[in-house]
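This report concerns charged side-chain pairs and the principal surface pocket of one protein model. Please consult the sequence and the structure shown below.

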Amino acid sequence: MWKLKAPNPVKLIVAILAADRQCLHAAVEAIENKFGNIDLTSNVWPFDKTDYYKDQTGSHILRQFVSIEKLIDPGKLAKIKHKTNRLEQKLAKSLALPLPRPANLDPGIIEPSKLVLATTKNYSHRIYIGKKMYAEVTLVFDKGDWRPLPHTYPDYRQQCYFDFFAKVRTILLEQLKSKRQQYQQ
């Protein structure tokens, strides 16, 4: 019988789309309250590569990413997506804007070799991960750079995103190295 190995822990990120800065701030605060300390926050960028969320989130959507300090088991991604869906619903009520979804929260994980996003929607390039959720590899880290795949969303092809994810990846590698050193002692 082959010996199975537990997966390495990964870095949880949450991609936020928000109707305005107030919604963005409320989303970041809710994420930190639910998942723990944030160790890295991206700049705020306009979400302007598609108008897919215009009816739900407004016409001038903002994008920001946060990275959670504590590493997680990658097998928890589906459960985390359910938690972010509930957070979105709470935010919609508390923000009380005339928009059905003033904040959109999409969790993902960064491993040394890839960025994986959770989604509720199935498609040819997505894998079922349980609990009525799917996941897709959105970016791969190859030869020192983040690289998109044919199905990668247009906004995830931007250098500013690659730069942020590279910083998160560096923090992850440092955390994994520290864990290995602690284990060896």
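The salt bridges are described before the pocket.

The model is predicted: local features need pLDDT of at least 70, side-chain atom pairs count only at pLDDT 80 or more, and totals for chains, interfaces and linings use all residues. Residues are numbered from 1 along each chain as its sequence is written, and side-chain values use heavy atoms, with hydrogens and water left out.

**Salt bridges**

Side chains of opposite charge can pair when their charged atoms come close. The search over the whole structure yields eight salt bridges, each defined as a side-chain nitrogen of Lys or Arg within 4 Å of a carboxyl oxygen of Asp or Glu. Three of these pairs are tabulated here, including the distance between the closest N and O atoms.

| Acidic residue | Basic residue | Closest N and O atoms |
|---|---|---|
| D106 | K81 | 2.9 Å |
| E111 | K114 | 3.0 Å |
| D145 | R147 | 3.9 Å |

The salt bridge between D106 and K81 links distant parts of the chain, 25 residues apart: D106 belongs to strand 5 (residues 103-111) and K81 to helix 3 (residues 77-95). Helices (H or I, at least four residues) and strands (E, at least two) are DSSP runs numbered from the N terminus.

Accessibility is classed as buried (under 20% relative accessible area), exposed (over 50%) or partly exposed (in between), with a 1.4 Å probe and protein chains only. D106 is buried at 17% relative accessibility, and K81 is buried at 3%. In the second pair, E111 is buried at 19%, whereas K114 is partly exposed at 24%. In the third pair, D145 has a relative accessible area of 41% and is partly exposed; R147, at 31%, is also partly exposed. Through shared salt-bridge partners, D142, D145 and R147 form one network.

**The largest pocket**

A pocket is an open set of points on a 1 Å grid over the protein atoms alone, where a 1.4 Å probe fits, with protein on both sides within 12 Å along at least five of seven lines; lining residues have an atom within 4 Å of a point. The largest pocket has a volume of about 440 Å³, a volume being the space filled by probe spheres set on the points. It is lined by 23 residues, of which Y52, Y53, D106, K121 and Y153 are closest to its centre. D106 thus appears both in this group and in the salt bridge with K81.

Helix 3, strand 5 and strand 6 (114-119) each supply at least two lining residues, and strand 6 gives the most, with three. By class, the lining comprises nine nonpolar, five polar and nine charged residues. Here Ala, Val, Leu, Ile, Met, Phe, Trp, Tyr, Cys and Pro count as nonpolar, Asp, Glu, Lys and Arg as charged, and the others, Gly among them, as polar.
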